[in-house]
Structure formats: C-alpha cells, structure tokens
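Visitor: I am new to this structure. Would you kindly choose one part, examine it closely, and explain how it is placed within the whole?

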Amino acid sequence: MKYLKNYLYLTIALFLFNGCKDESKKVIKAEPVVFKKEGELSIFKKETDSVIGSFDIEIADSEYETQTGLMYRKSMKADRGMLFVFPEVAGHSFYMKNTEFPLDLIFIKEDMTIANYHENAQPLDESSLPSKGAVQYVLELNAGLVQKLGIQTGDSVAYKKM
C-alpha cells in the first residue's frame, strides 16, 4: 500500500510537471493600419469659392469603417484625411477612443457646407464630440488644419471617389 501511494504521488507530480512545460509561445504581431487612397477632397472658401485645402482621403461608408475610423494608427500625413459618409442625415457624435493622435473634426451638411467643427480633439479621449444639427458627412484631419487653413462654418466641400 505504501508503494502504491508513493507511485500515485510520483505519477501526479510527473503529470503536473509535464503539463506545465513551457510551450513555445506564439507571438502575434499586429499589422499596422496603412492609408489607402479612396478619393480626393477639396475645401472651398464661402465668400470666394477658392480652394483653401486639398486632401487625399480614405472613405468610411460601411458600419465597420465608421465605427473604426482612424483608430489604432500612430499618425497621418498632413495632406490626408478620412471622410465619413453616413446613409442618413442626422446628428452624429464622435470620440477619440483608441485614436493615437490629435484631430480636427469637421461636420458637413447634406448640401456639402460645413455645419461646425471641433478643433484639436485629444488622443484617447472618450468625451463626446457632437455635430450641431443634422449632418451627413464628417471629415477628420490632423489637428491644427482648421485654424491653419482658416476653415469656417459655411465653407463648402467637394470630393470624388477613385
């Protein structure tokens, strides 16, 4: 009986030891999200109709794309942006969850005029950034471009898909 008990303890110890072996750990490396040009966008001054800014854009028009936006990216070149195209004209609200660099958000009405904007939205901030009224589009640009370009409510936007 004594030998059976020792044998049982030894078997359990070997099982536990072998079961806890260091298995080779798989390292999962996430691929960086890269810019994919899907269109071109220009912003026009209300009073003069002159171009004040032109950008290569990604277009977010599916539910997944509008939910993800520019999340998980480290930066964006100054001449690029993301245009969100919503199927309905409504009040829309954004936040900066998982967005790692500051942005200017420009809310655009159905007639392609700028309704309002939020400047310098801070990375990773989950505070709500709402439109003031019903809009159909939102343009995200690097922070500081609204001020640098002199973008104002009433200016207009035009874009074309590639």
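Guide: The account below begins with the setting and then turns to a single strand and its surroundings. This is a predicted model, in which local features need pLDDT of at least 70 and side-chain atom pairs count only at pLDDT 80 or more, while totals for chains, interfaces and linings use all residues. Residues are numbered from 1 along each chain as its sequence is written, and side-chain values rest on heavy atoms, with hydrogens and water left out.

The protein has three helices and nine strands; helices (H or I, at least four residues) and strands (E, at least two) are DSSP runs, numbered from the N terminus. In order from the N terminus, the elements read α-β-β-α-β-β-β-β-β-β-α-β. Of the 162 residues, 36% count as buried, a term that denotes under 20% relative accessible area, with exposed over 50% and partly exposed in between (1.4 Å probe, protein chains only).

The part chosen is strand 2, which spans residues 51–60. Seven of its 10 residues are buried, so strand 2 is largely enclosed by the rest of the structure.

Strand 2 pairs with strand 1 in antiparallel fashion through six bridges; two strands are said to pair if DSSP finds at least two bridges between them. Within this pairing, S42 stands opposite S54 in strand 2. The hairpin formed by strand 1 and strand 2 has six residues between the strands, and D49 takes a positive phi near 60 degrees there. Strand 2 is also joined to strand 3, by five bridges, and these two strands run parallel. Here D56 stands opposite R80 in strand 3.

The interior completes the picture. A nonpolar core is a set of buried Ala, Val, Leu, Ile, Met, Phe, Trp, Tyr and Cys residues joined through side-chain atoms within 4.5 Å. The largest such core has 19 residues, and L41, I43, L83, I106, I108 and L139 have the most contacts inside it. At least two of its residues come from each of strand 1 (39–44), strand 2, strand 3 (80–90), strand 5 (103–108), strand 8 (135–142) and helix 3 (145–149). Strand 2 provides the largest share, namely four residues. Another core, of 17 residues, lies apart from it and has F86, F101, F107 and A115 among its members.

One residue shows how these elements meet. With contact taken as heavy atoms within 4.5 Å, and residues up to four places away in sequence not counted, L139 touches I57, L41, I43, M82, L83, D104, L105, I106 and I108.
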